[in-house]
Amino acid sequence: MHKCLKCGRKILDIAEIADGCGCGSKVFVFIKGEDAPSMAHGSHIAVIDFKAQKGGKKETDAPNQEAPANPEIALANDEFAGPGAFAAKRADGAEAASNPIVASDISSGKPDATPAGNILQEEALSESLPHDEVWLAKGGSVKSISTGGIENIRQVAKGVFELDVGALGAGPLVIRDENGIYYVRLPFSQGTQSEDQIQ
Amino acid sequence: MASSLWQKFMHFIRHVIFKKKHLRLGLYGSTNVGKTTLANRLGLDLTGEGIGTVSPIPHETRIVQSKEHVELKTGGYMLSMNLLDMPGIAVKIDYRDFMEYGLSKAEAQERAKEATRGIIEAVKWLEKVDAALVVVDSTEDPYNQVNVTLLGNLEARSIPLIIVANKIDLPGANTRRVREAFPDYPVIEISAMTGENMEKLYDEIAIRLV
């Protein structure tokens with residue numbers, strides 16, 4: 001992370017350094033050790049919005065920097081959700097089963113067919129996401145898993161997905177939503193896809 | 001020695017003049033358009049036995065069903081085929097649709113899973129077939145996402161194809177609508193159920209797909 005020497009503003013985006021600070025200064029100092037995630041535009045992130053177990057309190061504040069590095073996350077099981085690698089328990093020892101994790105709905109309606117990526121990698125929010133979302137803290141015990149089924153992407157709960165990253169590139173994209181309905185994306189089924197493939 | 005030379009000569013004549021070829025012929029299309037009925041008709045006409053079972057419940061064919069060494073002799077052509085009856089292609093498989101036909105929830109869910117697996121298999125077979133019959137239901141609008149996608153995929157792979165407008169025996173069949181929807185492709189209208197116009201399909205297969 002860089003800090004403007006004149007006004008002290010912390011710069012997270014490397015691209016901003018090339019343009020200079022808003023105060024007019026073009027002198028920055030690198031601050032070692034404060035490795036907050038870059039807010040580079042266009043990056044994508046897997047963000048999970050926690051609902052507290054009791055009272056449905058929604059935690060919307062970004063976690064404190066001193067928060068435990070490995071907060072453990074509970075995930076409700078539904079009849080379709082396999083073991084998955086997301087399961088863990090909350091750091092406060094609360095029961096996992098009754099505390100579903102609900103991710104923010106980036107797009108309403110059908111499950112998001114865009115792979116969320118490996119959520120071990122902390123990349124910046126895109127500008128379209130609300131900035132009061134809770135970050136998935138570093139070192140979260142989640143990883144890319146094999147869904148074990150025919151689907152490449154499985155919607156476990158609203159906004160929570162399991163990805164078979166290894167199978168995503170092979171064959172048509174198959175998504176199974178939380179109700180057990182399958183959606184198949186056929187090759188060349190969308191014009192933009194054809195253009196992308198040609199490029 | 002003379003007889004073996006003669007046999008080789010006759011084999012050469014048969015191969016060159018009668019143009020015996022072998023190809024993998026895939027039957028593609030949406031669900032319930034009559035692919036398996038057509039495959040059974042082809043099997044019965046050419047080998048004496050059918051391929052698969054037919055049902056009004058969608059996605060009855062959930063695995064690729066193959067009949068090998070099906071020989072078609074028509075005009076001056078002799079064609080040996082591996083007939084491949086593909087599962088019906090769909091972009092959404094909802095187990096609840098099967099429950100409307102009386103299946104239990106567990107059976108419906110299992111069927112949906114198998115149907116989806118079958119679609120994946122059918123898509124993968126696009127890389128392997130030598131020719132295709134794209135079967136459409138002539139009583140319904142043929143211009144749908146599945147048919148357009150299938151034709152696009154086949155054309156992209158330079159796979160020769162024939163559009164088969166099926167179910168012409170039913171009231172409401174409109175083959176002109178099929179020809180107008182796909183003017184760049186050969187369209188043969190048949191009834192796989194009754195066998196109507198099958199000879200024309202055989203001729204077209206021999207001419208276009210060899």
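**Exercise 1. Pro142(B)**

Determine whether Pro142(B) is buried or exposed in this predicted model, and find its surroundings.

Step 1. Locate the residue. Pro142(B) sits in the loop between strand 5 (131-137) and helix 5 of chain B.

Step 2. Apply the cut-off. A residue is buried if 20 or more other C-beta atoms lie within 10 Å of its own. Pro142(B) has 26 other C-beta atoms within 10 Å, so Pro142(B) is buried.

Step 3. List the contacts. Leaving aside neighbours within four places in sequence, Pro142(B) is in contact with Val136(B), Asn147(B), Arg177(B), Val178(B) and Ala181(B).

Step 4. Look at one of these partners. Ala181(B) is 39 residues apart from Pro142(B) along the chain, and their C-alpha atoms are separated by 7.0 Å.

**Exercise 2. Helix 5 of chain B**

Check the span of helix 5 of chain B, and work out on which side of the helix its buried residues lie.

Step 1. Helix 5 of chain B has 12 residues, which at 1.5 Å a residue should span 16 Å. The end C-alpha atoms are 16 Å apart, which agrees.

Step 2. The buried residues in this helix are Val146(B), Asn147(B), Leu150(B), Leu151(B), Asn153(B) and Leu154(B).

Step 3. Around the axis they cover an arc of only 165°, so they are on the same side of helix 5 of chain B.

Step 4. Just after the helix, Ser158(B) takes a positive phi of about 55°.

**Exercise 3. Positive phi values**

Place Lys167(B) and Asn197(B) in chain B, and state for each the phi value and the burial class.

Step 1. Start from the background. Most residues other than glycine have a negative phi.

Step 2. Take Lys167(B). Its phi is near 70°, a positive value in a residue other than glycine. Lys167(B) lies in the loop between strand 6 (161-166) and helix 6 (175-181) of chain B. With 25 C-beta neighbours inside 10 Å, Lys167(B) counts as buried.

Step 3. Take Asn197(B). Although not a glycine, Asn197(B) has a positive phi of about 65°. Asn197(B) belongs to the loop between strand 7 (187-189) and helix 7 (198-208) of chain B. There are 16 C-beta neighbours inside 10 Å, so Asn197(B) counts as partly exposed.

**Exercise 4. Chain B and the nonpolar cores**

Describe the layout of chain B, then find which residues touch the most other members of the largest nonpolar core.

Step 1. Chain B has seven helices and seven strands. From the N terminus on, the elements run α-β-α-β-β-β-α-α-β-α-β-α-β-α.

Step 2. Of the 210 residues of chain B, 37% count as buried. Among contacts between residues at least 6 apart in sequence, 70% join residues at least 24 apart.

Step 3. The largest nonpolar core has 55 residues, of which Val134(B), Ile163(B) and Val164(B) touch the most other members. Helix 4 of chain B gives the most to this core, with six residues.

Step 4. Follow one of these residues. Beyond neighbours within four places in sequence, Val164(B) is in contact with Leu38(B), Leu133(B), Val134(B), Val135(B), Ile188(B), Ile190(B) and Leu201(B).

Step 5. Another core, of five residues, lies apart from the largest one; among its members are Val156(A), Val160(A), Phe161(A) and Leu163(A).

**Exercise 5. Where the chains meet**

Work out which elements of chain B touch chain A and how strand 9 of chain A is joined to strand 4 of chain B.

Step 1. In the interface, 20 residues of chain B are in contact with 13 residues of chain A.

Step 2. On the chain B side, the elements that give two or more residues are strand 4 (92-93), helix 4 (105-125) and helix 5 (145-156). Helix 4 of chain B has the largest share, nine residues.

Step 3. By class, this side has nine nonpolar, six polar and five charged residues.

Step 4. Strand 9 (residues 182-185) of chain A and strand 4 of chain B run antiparallel and are joined by two bridges. Within this pairing, Tyr183(A) stands opposite Lys92(B).

**Exercise 6. A sheet in chain A**

Explain why strand 2 and strand 3 of chain A each have one side without a neighbour in the sheet.

Step 1. Three strands of chain A form an open, antiparallel sheet in the order 2-1-3.

Step 2. Strand 2 (10-11) and strand 3 (28-30) stand at the edges, each with a single partner strand, so one side of each is left without a neighbour in the sheet.

Step 3. Strand 1 (residues 2-4) pairs with strand 3 of chain A over three bridges. In strand 3, Val29(A) is the bridge partner of Lys3(A).

Notes. Residues numbered from 1 in each chain as written. Chains lettered and ligands numbered in written order. Predicted model: local features only at pLDDT ≥ 70, side-chain atom pairs only at ≥ 80, totals over all residues. Contact = placed C-beta atoms within 7 Å. Helix = DSSP H or I, 4+ residues; strand = E, 2+ residues; numbered from the N terminus. Nonpolar A, V, L, I, M, F, W, Y, C, P; charged D, E, K, R; others polar. Pairing = 2+ DSSP bridges. Expected span 1.5 Å × (residues − 1). Buried ≥ 20, exposed ≤ 12 C-beta atoms within 10 Å, placed from the backbone. Arc of directions from axis to C-beta. Core = buried A, V, L, I, M, F, W, Y, C linked by C-beta atoms within 7 Å.
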